[in-house]
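Open the model in your viewer and keep the selection box ready. Each stop below gives a selection and what to look for there.

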Amino acid sequence: KPLKAESTSPDRARFREMASSSALPNGQSPRKFTWEEVAALNSRHNAHVSYRGKVYDVSKFAERHPGGIEQILLGAGHDVTQLFEMYHSPKIKETLEKFYVGDLVTNELPTFPEPGAFANTLRQRVSDKFKEMGVHPKDPKWALARYSVILGTLILSWYIQLFVLDHTLLECTLGAVAVCLCLTMGCYHVTHDASHYAISKKPWVWSFFGSWHDFLNGASMYVWKHQHTIGHHPYTNIDHADPDIMTARSDVPDFRRIKKTQTWVPRYLYQHLYAPILYALLSTKTRLQDIFVIYVFKKNGEIRVNSQTPFQTFQFWGGKAFYMTYRIVIPYMVGMPFWHVIYQYFLVDVISSYLLAIVFQLSHVSTNVEWPQPDENGHLSCDWWEMQVRTTVDYATDSWFWTYVTGALNHQTAHHLFPGVAQTFYPVITPIVKKTCEEFGVQYNNVGTFWNAFASHIGHLKHLGYDDAQAQRQRGERVLVKKEKGV
């Protein structure tokens with residue numbers, strides 16, 4: 001049986017119960033939909049999705065979805081092909097047909113071929129491995145233990161900083177570093193797992209741990225899901241689709257050049273020196289971006305953002321208010337000098353931003369990965385599973401230290417192929433991925449150590465910092481100098 005990342009036998013029974021009859025009235029023919037028409041059908045009572053060129057009305061099913069209505073509304077109006085195949089057993093496709101109402105005649109974003117032999121073999125082997133171990137892929141025991149340690153250490157560090165120490169600059173620094181490390185580990189472990197529904201099978205558990213991002217980090221989990229879950233994972237490293245590699249318009253130079261499609265400007269010659277330093281602004285940028293994504297742009301890159309429910313709106317603004325209260329208001333009220341409050345606030349932001357950005361960048365913005373582009377019709381030549389391997393870099397997969405401190409994101413390939421599986425199992429999945437890649441001739445990227453991965457990222461920035469024409473001119477000038485010197 002295939003890997004059951006989200007459904008059990010009772011779940012399948014609920015699917016069958018809701019799908020006992022077709023969504024099409026008797027005698028009515030399927031209609032043709034453009035992607036714009038599907039995009040408009042994104043409300044609670046009129047939710048449509050597209051999958052493999054077909055359109056489905058999941059409105060009546062939304063309330064009974066085993067994964068919760070929130071996930072249905074998140075994908076409503078979108079092409080959910082990759083999301084559906086990432087998080088569901090292939091058998092669920094049979095039930096999905098019961099909600100069929102028409103065909104999609106245009107596509108908003110790139111499309112992929114059906115999963116091939118590599119994907120099917122890999123999924124079967126991973127499924128067999130979990131059967132052999134006798135555990136569920138979302139088994140929460142070890143994860144909950146880690147979460148408890150992280151949250152407990154965060155609360156203790158914050159309390160000691162405010163109510164035990166004397167608020168000197170040195171003590172503020174030490175306290176800020178402790179809080180920062182806890183928040184960073186919370187992102188690697190807690191909020192990242194929650195955004196992929198990889199901890200437990202219960203939607204309320206995902207929602208509870210996902211809210212940590214709003215309340216403890218001051219950043220919106222709703223926006224993060226659109227960027228990361230709906231955008232980055234389905235369209236990894238695809239220009240004009242993956243929000244993680246979104247840059248300014250071609251006529252407006254971005255702060256760095258990571259794609260050859262970007263216009264070159266002279267400052268990029270030094271981007272490998274200054275760009276990593278600017279990563280320290282990630283947290284501040286994210287909190288401000290949340291507001292613009294939800295209320296101004298209504299999209300994150302090319303990924304449209306559906307309207308929030310009243311509860312999600314409360315979580316959005318309540319989270320930001322709570323964050324500012326525990327990070328700035330309470331420290332000032334208990335007697336910490338104002339400038340020390342501001343200092344420790346930005347120190348936490350700078351360090352955590354840098355740690356998060358570096359780990360995220362190493363896996364995909366690298367000299368070792370591919371940057372796939374669809375053809376003129378928006379189709380990719382390889383299936384989604386092969387693309388995930390080719391666009392991803394692993395490192396230090398034999399190191400328990402890097403596996404723990406990065407939330408197993410050093411096993412990035414396993415994570416991208418099986419995002420709905422608890423991160424504690426990535427070290428088990430990685431050898432299976434590597435072996436299957438070797439058998440099917442799929443390039444598996446592992447650069448060995450963390451520092452090799454870091455060097456590959458810096459090398460990518462340095463390489464893209466030189467425009468092709470600029471590099472040619474420089475090579476020509478060197479040749480001319482050599483000729484003049486008689487070399």
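**Stop 1: a helix and its neighbours**

Select 426–440: this is helix α18, with 15 residues. From first C-alpha to last it reaches 21 Å, close to the 21 Å expected at 1.5 Å a residue. That expected span is 1.5 Å times one less than the number of residues. Helices (H or I, at least four residues) and strands (E, at least two) are DSSP runs, numbered from the N terminus.

The model is predicted: local features need pLDDT of at least 70, side-chain atom pairs count only at pLDDT 80 or more, and totals for chains, interfaces and linings use all residues. Numbering starts from 1 along each chain as its sequence is written, and side-chain values use heavy atoms, without hydrogens and water.

Now show side chains. Which residues of α18 are buried? They are Tyr 426, Ile 429, Thr 430, Ile 432, Val 433, Thr 436 and Cys 437. Buried means under 20% relative accessible area (1.4 Å probe, protein chains only). An α-helix has 3.6 residues a turn, so residues three or four places apart point the same way.

Add 117–133, 384–390 and 412–417. These are α6, α15 and α17, against which the buried residues of α18 pack. Contact here means heavy atoms within 4.5 Å. Then click Gly 441, just after α18: its phi is positive, about 70°.

**Stop 2: the sheet**

Five strands form an open, mixed sheet in the order β1-β5-β4-β3-β2. Strands pair if DSSP finds at least two bridges between them. Select 31–33 and 42–43 for the edge strands, β1 and β2, each pairing on one side only. Next take β3, 46–51: 2 bridges join this strand to β2, and the two run antiparallel. Ser 43 has Asn 46 in β3 as its bridge partner.

Key
Buried < 20%, exposed > 50% of the residue type's maximum accessible area, 1.4 Å probe, protein only.
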